[in-house]
Amino acid sequence: MIINQSISPANGHIQVSHVFKNYAGHAALHDISLDIPAGSVTVIIGPSGSGKSTLLRMINHLERVDEGFIQIDDEFIGYRKKGDKLYELKERDILKQRKSVGYVFQNFNLFPHLNVLQNIIEAPLAHKKLSKDQAILKANQLLGLVGLRDKVEAWPKQLSGGQQQRVAIARALALDPKVILFDEPTSALDPELVGEVLNVIKNLAKLGKTMVIVTHEIAFAREVADHVVFMDQGRIVEQGTVQQVLEQPKEERTQNFLSRVL
Ligand code: ADP
């Protein structure tokens with residue numbers, strides 16, 4: 001199947017090195033460093049406003065770092081290195097780089113004027129990555145993967161929130177990204193629709209792509225995460241395995257947070 005083409009353990013290693021970000025003098029991120037192995041699933045948890053989304057957006061250069069840098073497989077995100085200096089990429093090169101990083105937004109962000117198929121084939125065609133026939137074949141495979149093969153001709157407004165998010169996940173996979181970033185993918189959903197989206201994400205974890213997921217769903221984190229990162233006030237307070245961070249957290253801030261959300 002085409003969707004399995006790019007699976008390679010050497011793809012999608014993310015390194016975040018000493019990243020800082022301020023908004024109007026307020027530290028949204030303070031000295032964040034993270035090493036995310038290729039093919040792993042990292043779940044980022046923490047209270048609202050702790051910097052989780054800001055960090056995720058930086059991995060795609062939707063947000064600029066103030067200091068530090070982020071690399072995926074030795075490529076600098078948003079920058080190129082010349083000598084010992086980093087220079088920001090031109091918009092065209094940023095877009096090119098984003099092809100290898102899929103992003104799933106809280107509010108799905110499907111194009112409302114395009115049907116499901118058109119939403120999924122838009123990027124592969126715009127980037128001239130696949131012929132139209134190949135793109136349609138692949139879109140159908142991806143819709144099978146998210147359990148929506150019968151919705152290929154539906155319009156976004158005809159779908160439930162859970163179905164729209166599953167289409168958005170298929171769309172994020174259409175360019176065969178090395179990395180997929182999920183920004184609270186179920187927080188805009190009615191409670192009864194959360195499970196179907198989490199199940200799709202759990203299945204994706206088996207594809208071997210690097211996934212970074214910001215979520216408040218602790219039970220889901222327990223099932224899917226190789227690595228859990230707890231953030232508070234722009235800092236990483238604690239990180240480690242599910243066992244280390246969710247079952248036996250060392251830090252009081254992690255313990256307090258978990259006791260509030262569990
Ligand atoms: P989380 O995802 O953990 O809820 P965010 O990354 O959204 O946290 O926000 C971290 C901090 O940065 C918050 O204090 C938030 O208000 C601030 N922030 C985020 N984005 C912006 C922005 N575009 N402009 C100003 N402040 C921002």
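This is a short dialogue about reading a predicted model, from its annotated domain to its pockets, cavities and backbone angles.

Trainee: Before the details, which residues does UniProt list for "domain: ABC transporter"?

Mentor: A record entry gives you a range to look at, and here the entry is an unreviewed one. UniProt lists residues 14-258 under that name. Over that stretch the chain is 36% helix and 28% strand, with the end C-alpha atoms 27 Å apart.

Trainee: Let me zoom in on one helix. Which residues of H3 are buried?

Mentor: For a helix, go through the side chains and ask which are shielded. H3 spans residues 116-126, and its buried residues are Val116, Leu117, Asn119, Ile120, Ile121, Ala123 and Pro124.

Trainee: And what covers those buried residues of H3?

Mentor: Look for contacts from other elements. The cover includes helix H4 (132-145) and helix H5 (161-173).

Trainee: Which residue caps the N-terminal end of H3?

Mentor: For a cap, look at the side chain just ahead of the helix and the backbone nitrogens at its start. Asn115 does the job here, with a side-chain oxygen 3.1 Å from the backbone nitrogen of Leu117. Beyond the other end, just after H3, Lys128 takes a positive phi of about 50°.

Trainee: Now the pockets. How much space lies in the largest pocket?

Mentor: Start with volume, then read the lining. The largest pocket holds about 560 Å³ of space. It is lined by 20 residues, and the closest to its centre are Arg98, Val101, Tyr103, Ala123 and Leu175. You've met Ala123 already, as one of the buried residues of H3.

Trainee: Which elements each supply at least two residues of that pocket's lining?

Mentor: Helix H2 (91-98), strand E8 (101-104), H3 and H5. By class, the lining of the largest pocket divides into 12 nonpolar, 4 polar and 4 charged residues.

Trainee: What about enclosed space: how many cavities of 30 Å³ or more are there?

Mentor: A cavity differs from a pocket in that the probe fits but cannot get out. The count here comes to 2. The largest cavity has about 50 Å³ of space, and the second largest has a volume of about 40 Å³.

Trainee: Which residues line the largest cavity?

Mentor: Among them are Met58, His61, Arg64, Phe69, Ile70, Tyr79 and Leu86. Strand E4 (residues 67-72) gives the largest share of that lining, 3 residues. Sorted by class, the lining has 7 nonpolar, 2 polar and 2 charged residues.

Trainee: And which residues line the second largest cavity?

Mentor: Ile72, Glu75, Ile77, Gln97, Ser100, Val101 and Lys178. That makes 3 nonpolar, 2 polar and 2 charged. Two names recur: Ile77 also lines the largest cavity, while Val101 is also listed for the largest pocket.

Trainee: Back to the backbone. Why would I stop at a positive phi?

Mentor: Because most residues other than glycine have a negative phi, a positive one deserves a second look. Take Ala24, whose phi is near 45°. Ala24 sits in the loop between strand E1 (14-23) and strand E2 (26-36).

Trainee: Is Ala24 buried or exposed?

Mentor: Exposed, because its relative accessibility is 87% and the cut-off for exposed is over 50%.

Trainee: Where is Gln233, and what is its phi?

Mentor: Gln233 lies in the loop between strand E11 (227-232) and strand E12 (235-240), and its phi is near 50°. Gln233 counts as exposed too, because its relative accessibility is 58%.

How values were computed:
Residues are numbered from 1 along each chain as its sequence is written. This is a predicted model: local features need pLDDT of at least 70, side-chain atom pairs count only at pLDDT 80 or more; totals for chains, interfaces and linings use all residues. Side-chain values use heavy atoms; hydrogens and water are left out. Buried means under 20% relative accessible area, exposed over 50%, partly exposed in between (1.4 Å probe, protein chains only). Helices (H or I, at least four residues) and strands (E, at least two) are DSSP runs, numbered from the N terminus. Contact means heavy atoms within 4.5 Å. A polar contact is a pair of N or O atoms within 3.5 Å; within protein, one must be able to donate a hydrogen and the other to accept it, and residues adjacent in sequence count only if both atoms are side-chain atoms. UniProt positions are given in the numbering used here, feature names are shortened, and annotations may be inferred rather than shown by experiment. On a 1 Å grid over the protein atoms alone, a cavity is a set of points where a 1.4 Å probe fits but cannot get out, and a pocket is an open set with protein on both sides within 12 Å along at least five of seven lines; lining residues have an atom within 4 Å of a point. Grid points are joined across faces, edges and corners, and a volume is the space filled by probe spheres set on the points. Ala, Val, Leu, Ile, Met, Phe, Trp, Tyr, Cys and Pro count as nonpolar, Asp, Glu, Lys and Arg as charged, and the others, Gly among them, as polar.
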